[in-house]
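User: Could you take a close look at one part of this model for me? I would like to see how its strands and helices are put together.

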Amino acid sequence: KRWDRMAKAFTRCGKEITIAVRQGGSSPDDNPSLRRAIQNARAVNMPKDKIQAAIAKASGNDGGADYQEILYEGYGPHGVAILVETATDNPTRTVANVRHHFKKGGGNMGNSGSVSFMFNKMCAFRLKPDGVERDELELTLIDYGLEELTDGEDNDGNPILIAYGAFTSFGDLQGGLEEVGIEPVSSGAEWIPTATTELDEGQTDEVLALIDRLEQDDDVQSVFHTLS
């Protein structure tokens, strides 16, 4: 299962790299989105040769697959709202699969806008806490759009700091981190629920089973939800 998760993470990062290259070119120095995609790939221990191969393929004559980023919305069991971010070269296949996952998992897929209003789209930067003066960093980054600096964990359970800001502040906050000499471990957009739903253990397991089904789909990049 660990290898399956790793393979899924590499696939997700490969798509992110491909989209970044096709939108802004193959030079990380001139393409902030590609720099961010490479950071995220390194954060999941994607080998350097695989990163370079993804960049080369996306910038080659065939350009690799032409991925579209599509957001799907729906409800899981017990009224839990779910957002599904996808990157796909075949939207017809993807929408059918996502609808099937919702149905099999005891939920139902909704129309665009049916649940996204329950979330705020935020930018999130994951930082190593070593050597960071937290209060000083927080005061500095507020001028660049920081809304919250909170504790978290990386994929291996190690402590990290997560800097959140409005998605429109992505560039400013990234610039602020560069100004103070901090390179994020990873960064990206996240949908943060404005309110969460608390369920009992059995109900929670039902929702998590649906989320797991969605996350295992090759076209799914991320899943966000209102489960507490």
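Analyst: Happy to help; here is a walk through one sheet, followed by a look at its surroundings and at the other sheet.

This is a predicted model, in which local features need pLDDT of at least 70 and side-chain atom pairs count only at pLDDT 80 or more, while totals for chains, interfaces and linings use all residues. Residues are numbered from 1 along each chain as its sequence is written, and side-chain values use heavy atoms, with hydrogens and water left out.

Let's start with the open sheet of four strands ordered β5-β6-β4-β7, whose pairing is antiparallel. Its edges are β5 (146-153) and β7 (186-193), each pairing on one side only. On average, neighbouring strands here are turned by 35 degrees against each other, direction ignored. A few terms help: helices (H or I, at least four residues) and strands (E, at least two) are DSSP runs numbered from the N terminus, and two strands pair if DSSP finds at least two bridges between them. In general, strands of a sheet pair through backbone hydrogen bonds, either parallel or antiparallel.

Eight bridges join β4 (residues 119-127) to β7 in the antiparallel sense. Along β7, the residue opposite Phe125 is Ser187. Helix α6 (residues 170-179) lies across β4, β5, β6 and β7, and runs at about 15 degrees to β4. Such angles run from 0 to 180 degrees between N-to-C directions, with axes fitted as lines to C-alpha atoms, for helices over the stretch in contact.

Now zoom in on Ile160, which sits in strand β6 (residues 159-166). Is this residue buried or exposed? Ile160 is buried, as its relative accessible area is 6%; buried means under 20%, exposed over 50% and partly exposed in between, using a 1.4 Å probe and protein chains only. Beyond its neighbours within four places in sequence, Ile160 contacts Arg126, Leu127, Pro129, Thr150, Asp151, Gly152, Glu153 and Asp154, where contact means heavy atoms within 4.5 Å. Thr150 lies 10 residues from Ile160 along the chain, and their C-alpha atoms are 8.6 Å apart.

For context, here is the other sheet. Four strands form an open sheet in the order β3-β1-β2-β8, again with antiparallel pairing. The edge strands are β3 (108-110) and β8 (220-225), each pairing on one side only. Strand β1 (residues 68-75) meets β3 over three antiparallel bridges, and Tyr75 has Asn108 of β3 as its bridge partner. Helix α4 (residues 91-104) packs on this sheet, touching β1, β2 (81-88) and β3, with its direction at about 20 degrees to that of β1. Helix α7 (residues 201-216) lies across β2 and β8, at about 160 degrees to β8.
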